[in-house]
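Student: Could you choose one small part of this structure and look at it closely with me? After that, I'd like to see how the rest of the chain is put together around similar details.

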Amino acid sequence: MKNTLYLECYSGISGDMTVAALLDLGADREVLEKALKSLPVDGFEIKISKVKKSGLDVCDFSVILDKEHENHDHDMEYLHGKHEHTHEHGEENHHGHIHLHEKSHSHSHVHLHEHSHQHEHRTLTGILHIIDHADITPEAKKIAENIFTILAEAEAKAHGVELDEVHFHEVGAVDSIVDIVAVAVCLDNLNITDVVSTELYEGYGFVRCQHGVIPVPVPAVANIAEKHGLSLHITNIEGELVTPTGAAIIAAIKNIDKLPKKFSIEKIGIGAGKRNYERPSLLRAMLIKDKTFEDNKIYKLESNIDDCTGEMLGYVMELLFKAGARDVHYIPVYMKKNRPAYQLNVVCLEKDIEILENIIFEETTTIGIRRIPVERSVLKRRIEKIRTSLGEAEVKICMLNGKERVYPEYESIKKICSEYKMNFQEVYQLIQREYKEIKG
């Protein structure tokens, strides 16, 4: 079953918020845990829990780094201008080609940071190698690799280096790998085929990174928005709402910019962020179904055929009508090399496409069918059976501007003509007249 995901980014977006929202939406926790255990990296564990945000019961996803890898890059006070290293954990920070990372802790605690130990650095190639050797599906690998590549390209541009010169700090690489792989696994597990994201709400001001103070949106986010056409909505909140990983996720998976005019919500998931701004840090994810053209959307199946006989095409038309086609017709056309041919057009509902296409392939010589979604305007209508002086007849009644239009059905006219040896026009008019007499 295909699923359409709507990510409502009114409080921005980050990696852990996305994972939490998808888990809350129904992604299989056991599948995710198995996937993350298969990663050939050390120094982390995950915590999935429920937390309260503005009184709402929402999901929280955290990557907890081991003691060696703890750092102060999640410190809200540090990010926004204060230098104390004793702090309560905030959310993601992810800036600089050395500290290309982001993540948060699900447990609030106070500690002192010491950075006397040395950390390795990972290149994009190395990280893609890790993803490739994880026990996850090919589709999940593809999504994760795409997100990381988008992220690395943005950081390379921000720092003026080549893509292969971007280095992810060991600390950042671990939690970024976990976040991004987790997002990919959850999306694949939910069988998300379309993703709607209308705009990313972002704050303003400055945040501190390893190399100094940088503006919001941070350069990596701005670069991703520029390259991938993301719409940013700058709010009056001082702070960073959209992290580079969050922007990279949207750039990698979004394929629809606007919500349907009318849709139903099939399921909702809410992921918690860790930063505390004026509005709650929440990412709401919804599985939606487009209902805008639910009743008035049809498909046209179209194929050009230059090597079938008229008898064969007539037979195919009969089969298509019996199988549920709403309309079938042929149009004379000239194809390549001036060959006379017919264009077959079949109008049908989406649910009937597969069986009708199979009939066309089996019963004609065509090797290709164009499938075209078509919107239509239809009058309200109903079928009624009436008793006339010549027997029972079916009529179609359509409503236009509050008035009825009556159309006797072909099969009823044909039957009466045969029984009473009358002409078609005469019977047609008789049924119309007697319907109006019956209805007064």
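Tutor: Happy to. Let's start with serine 54, which in this predicted model counts as exposed because its relative accessibility is 60%, and the cut-off for exposed is over 50%. Serine 54 sits in the loop that joins β2 (44-53) to β3 (56-65). Its C-alpha lies 9.1 Å from that of arginine 279, a residue 225 positions away along the chain. That long-range pairing has its counterpart in the whole protein: among contacts with a separation of 6 or more, 69% are between residues 24 or more positions apart.

Other loops are worth a look too. Asparagine 401 belongs to the loop between β17 (391-400) and β18 (403-408), and with 76% relative accessibility it counts as exposed. Its phi is near 55 degrees, which is positive even though the residue is not a glycine. Asparagine 338, placed in the loop between β13 and β14, also has a positive phi, of about 60 degrees, without being a glycine. Its relative accessible area of 64% makes asparagine 338 exposed. For background, most residues other than glycine have a negative phi, and most peptide bonds are trans. On the second point, the bond from valine 216 to proline 217 is cis, its omega being near 0 degrees. Proline 217 is located in the loop between β8 (212-216) and α7 (219-228).

The strands on either side of asparagine 338 bring us to a helix. The buried residues of α9 pack against β13 (327-334) and β14 (340-348), and also against β12 (297-305) and α10 (353-363). Helix α9 itself runs over residues 310-322, 13 residues in total, and its first and last C-alpha atoms are 19 Å apart, close to the expected 18 Å. Which of its residues are buried? They include Leu313, Val316 and Leu320. These three cover an arc of only 55 degrees around the axis, so they lie on the same side of α9. On the face turned away from that buried side are the exposed residues Glu311 and Lys322. After the helix comes glycine 324, with a positive phi near 115 degrees.

Now for the interior. In soluble globular proteins, nonpolar side chains tend to be buried together. Here the largest nonpolar core holds 77 residues, and Leu7, Leu32 and Phe61 touch the most other members. Helix α6 (residues 170-189) contributes the largest share of this core, 12 residues. Leucine 7, setting aside its neighbours within four places in sequence, makes contact with residues including Ile13, Val195, Val196, Ile250, Ile253 and Leu283, as well as Ser197 and Arg284. There is also a second, separate core of 18 residues, and Leu320 is one of its members, together with Cys308, Val346 and Ile359. Leu320 is also among the buried residues of α9, which makes it a handy landmark if you want to move from the helix to that core.

Aromatic rings add another set of links. With centres within 6.5 Å as the condition, there are four aromatic pairs. In one of them, tyrosine 10 and tyrosine 201 have ring centres 4.9 Å apart and planes at 65 degrees, so the pair is edge-to-face. The two partners come from distant parts of the chain, 191 residues apart: tyrosine 10 is in the loop between β1 (3-8) and α1 (15-25), and tyrosine 201 is in strand β7 (residues 200-209). Tyrosine 10 is partly exposed at 38% relative accessible area, whereas tyrosine 201 is buried at 14%. Tyrosine 410 and phenylalanine 424 form a tilted pair, 6.2 Å centre to centre with 35 degrees between the planes. Because tyrosine 410 lies in helix α11 (residues 410-420) and phenylalanine 424 in helix α12 (residues 424-439), this pair ties together parts 14 residues apart in sequence. Both partners are partly exposed, tyrosine 410 at 49% and phenylalanine 424 at 40%. Tyr428 joins these two in one aromatic cluster.

To finish, step back to the whole protein. It has 12 helices and 18 strands, and 49% of its 440 residues count as buried. Its accessible surface comes to about 22,500 Å², with 49% of that area belonging to carbon and sulfur atoms.

Key. Residues are numbered from 1 along each chain as its sequence is written. This is a predicted model: local features need pLDDT of at least 70, side-chain atom pairs count only at pLDDT 80 or more; totals for chains, interfaces and linings use all residues. Side-chain values use heavy atoms; hydrogens and water are left out. Helices (H or I, at least four residues) and strands (E, at least two) are DSSP runs, numbered from the N terminus. The expected span of a helix is 1.5 Å times one less than its number of residues. Buried means under 20% relative accessible area, exposed over 50%, partly exposed in between (1.4 Å probe, protein chains only). The arc is that of the directions from the helix axis to the C-beta atoms. Contact means heavy atoms within 4.5 Å. Rings of Phe, Tyr and Trp (its six-membered ring) pair if their centres lie within 6.5 Å; planes under 30 degrees apart count as stacked, over 60 as edge-to-face and the rest as tilted. A nonpolar core is a set of buried Ala, Val, Leu, Ile, Met, Phe, Trp, Tyr and Cys residues joined through side-chain atoms within 4.5 Å. Accessible areas come from the Shrake-Rupley method with a 1.4 Å probe; for residues, only the protein chains shown count as cover.
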